[in-house]
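Please work through the following exercises with the sequence and the model at hand. Each task is followed by a solution in steps.

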Amino acid sequence: MSTFNFNRLFRKEMADDSIEVENYSADHADILPSIELQSKLVILDPQKVRFLARHQLPGRSPACRLPQVNISPLDLADNAALAAAYQVECAANIEARPNWKGVDEKTRILGWRSDDGWDNRLLGAWDRGQLLGFAASMTEKDTPDTTWVFAWVDPAHQREGVGTALVQAAESASPESATRFVSSAYRADQDEIEPLVRRFVGPLGYEIATTETVVKLHIGSAALSIPQVTDGYEVCTYLNGIPEQFRKQVGQIKGLVDAEAPNGTLGWNPTPVTPEDYTKEMNLWLAQRDTVFESIATDDHGDVVAWTCIVAPTDRALPAQIEGTLVLSEHRGNGLGAAVKIACLREIKQHEATDYVKTSSDDTNIWMQAINANIGFEPAETMAIMQKPRARI
Ligand SMILES: CC(C)(COP(=O)(O)OP(=O)(O)OC[C@H]1O[C@@H](n2cnc3c(N)ncnc32)[C@H](O)[C@@H]1OP(=O)(O)O)[C@@H](O)C(=O)NCCC(=O)NCCS
């Protein structure tokens with residue numbers, strides 16, 4: 001048992017190895033580092049605190065074992081709870097990615113609540129009314145076997161086991177249909193991904209499925225000269241929705257993006273988007289005050305053979321995001337991938353919709369990386385996608 005050097009405080013060693021200190025005040029905070037045992041401070045009441053011994057730290061076991069932390073579902077109808085979650089998310093993201101800038105609170109909450117084909121379940125970690133962190137279990141209707149799991153913890157409460165407990169709770173709260181869990185993380189580079197995987201998601205059972213390089217383009221300085229395409233194809237760009245007659249074919253192309261682009265060991269199946277779901281997704285973007293640019297290439301029969309989509313937030317300080325680009329396999333090699341992308345970017349430039357456009361592609365997707373590099377995109381961040389099979393007891 002180690003020693004405290006602030007003897008003037010009354011301390012009691014508890015049977016469970018924790019130490020309870022009375023007459024404690026915030027003035028004593030500066031001597032905390034001298035407590036060899038110090039690892040987790042639990043405030044019992046304004047003048048009484050408890051120090052948990054290192055081996056009592058939840059670490060990789062649920063933080064709800066800590067007396068004060070309670071993990072429970074966040075009610076999507078509860079404005080105050082979602083506002084608190086938004087604050088935690090912003091603080092956690094800025095801590096991990098200092099240049100990060102996200103959408104405003106209203107837009108974010110609209111996203112959580114939207115009926116856009118995702119089953120979103122949020123869980124909060126609470127310490128007597130204060131939200132320490134939250135997690136999301138997100139399952140898309142057309143891929144019920146996969147639940148995306150994300151966690152954000154208030155930087156002041158990180159490394160206390162809250163994130164681990166939240167991820168485990170989000171996994172448990174996912175629909176029965178889920179057979180695997182997938183998560184992703186953005187960091188400056190691979191060196192920052194490594195410790196996150198080794199110490200956080202790895203011990204939770206996740207393995208890296210793929211890594212992607214996030215690239216960004218400064219629209220103002222991009223040349224965007226009109227590319228050559230083989231005769232017989234026509235490229236058109238539309239704002240806030242393509243004409244009805246193309247929606248079914250575009251939905252099929254959208255459904256191929258994840259399945260046909262290299263994606264490590266994720267192994268996505270095609271998931272065609274119905275015209276109804278296309279409309280729902282568009283309506284959400286418009287409700288979030290985004291501007292949606294889509295370019296398609298049609299062949300000489302008038303069929304859609306290539307597509308790309310860029311969503312530009314109303315706040316120009318936020319980058320627009322390329323949602324996906326795909327050329328049907330039998331039409332590849334005709335310059336259509338670059339053509340639809342550049343057509344879309346030119347429209348964005350003309351509308352002065354944003355300063356930067358971001359996109360990412362798998363690190364083995366040399367074809368898309370070549371197109372992006374030619375356009376002038378430059379590396380900005382690294383993203384890792386991790387997965388684990390669901391363990392059934
Ligand atoms: C990732 C995050 C949720 C972890 O929350 P947390 O409450 O600190 O997690 P835990 O306390 O349960 O951590 C468990 C272990 O992972 C380690 N760990 C947590 N985050 C880490 C990081 N960014 N880098 C290195 N190790 C990390 C902890 O130190 C601990 O290891 P230890 O027991 O060896 O000390 C939190 O850092 C966060 O909100 N980050 C920003 C959002 C984000 O990136 N979310 C996606 C993650 S997949």
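The exercises below concern a predicted model, and they proceed from the whole chain to its sheet, its helices, its ligand shell and its cores.

**Exercise 1. The chain as a whole**

Task: State how many helices and strands there are in the chain, and what percentage of its residues are buried.

Solution:
- Step 1. The chain contains eight helices and 16 strands.
- Step 2. Of its 393 residues, 34% are buried.
- Step 3. Contacts between residues at least 6 apart in sequence may then be considered; 69% of them join residues at least 24 apart.

**Exercise 2. The open sheet and its edges**

Task: Give the strand order of the open sheet of twelve strands, and explain why one side of β5 and of β11 is left without a neighbour in the sheet.

Solution:
- Step 1. The order reads β5-β6-β7-β8-β9-β16-β10-β15-β14-β13-β12-β11, and the pairing is mixed.
- Step 2. At the edges stand β5 (69-74) and β11 (234-239); each has a single partner strand, so one side of each lacks a neighbour in the sheet.
- Step 3. On average, neighbouring strands of this sheet are turned by 25° against each other, direction ignored.

**Exercise 3. From the edge strand β5 to the hairpin**

Task: Describe in which sense β5 and β6 pair, and which residues of β6 are the bridge partners of I71 and P73.

Solution:
- Step 1. As a general background, strands of a sheet pair through backbone hydrogen bonds, either parallel or antiparallel.
- Step 2. Between β5 and β6 (residues 118-127) the sense is antiparallel, with six bridges.
- Step 3. The bridge partner of I71 is A125, and that of P73 is L123.
- Step 4. β6 also pairs with β7 (residues 130-140), in the antiparallel sense over ten bridges; here W118 stands opposite E140 of β7.
- Step 5. β6 and β7 form a hairpin with two residues between them, and R128 in the turn has a positive phi of about 40°.

**Exercise 4. Positive phi outside glycine**

Task: Locate R159 and R289 and decide whether each is buried, partly exposed or exposed.

Solution:
- Step 1. Most residues other than glycine have a negative phi.
- Step 2. R159 is not a glycine, yet its phi is positive, at about 65°. The residue is placed in the loop between β8 and α3.
- Step 3. R289, likewise not a glycine, has a positive phi of about 65°. R289 lies in the loop between α6 (275-287) and β12.
- Step 4. A residue is buried at 20 or more other C-beta atoms within 10 Å and exposed at 12 or fewer. R159 has 15 and is therefore partly exposed; R289 has 14 and therefore also counts as partly exposed.

**Exercise 5. Helix α3 and the ligand shell**

Task: Explain why α3 is largely enclosed by the rest of the structure, and state which element supplies the largest share of the shell around the ligand.

Solution:
- Step 1. Ten of the eleven residues of α3 are buried, so the helix is largely enclosed; among them are V162, G163, T164 and E171.
- Step 2. These buried residues pack against β5, β6, β7, β8, β9 and α4.
- Step 3. Around the ligand there are 22 residues, of which A92, Q158, G163, T164 and F200 come nearest.
- Step 4. At least two residues of the shell come from each of α1 (79-96), β8 (146-153), α3 (162-172), β9 (180-187) and α4 (190-201). The largest share, five residues, is that of α4.
- Step 5. By class, the shell comprises twelve nonpolar, seven polar and three charged residues.

**Exercise 6. The nonpolar cores**

Task: Identify the residues of the largest nonpolar core that touch the most other members, and the helix that contributes the largest share of this core.

Solution:
- Step 1. The core has 40 residues, and I296, A306, W307, I310, V340, I348 and V357 touch the most other members.
- Step 2. Elements that each supply at least two residues of this core include β10 (207-218), α5, α6 and α8 (366-375). The largest share, nine residues, comes from α7.
- Step 3. Leaving aside residues up to four places away in sequence, A306 touches I296, A297, L326, V327, L328, H331, L336, G337 and V340.
- Step 4. Another core, of 31 residues, lies apart from this one and includes I71, A92, A125 and A135.
- Step 5. Helix α5 (residues 244-260) lies across β12 (291-298), β13 (304-312) and β14 (320-327), and runs at about 80° to β13.

Terms used:
Residues numbered from 1 in each chain as written. Predicted model: local features only at pLDDT ≥ 70, side-chain atom pairs only at ≥ 80, totals over all residues. Pairing = 2+ DSSP bridges. Helix = DSSP H or I, 4+ residues; strand = E, 2+ residues; numbered from the N terminus. Axes fitted to C-alpha atoms, helices over the stretch in contact; angles between N-to-C directions. Contact = placed C-beta atoms within 7 Å. Near = placed C-beta within 6 Å. Nonpolar A, V, L, I, M, F, W, Y, C, P; charged D, E, K, R; others polar. Core = buried A, V, L, I, M, F, W, Y, C linked by C-beta atoms within 7 Å.
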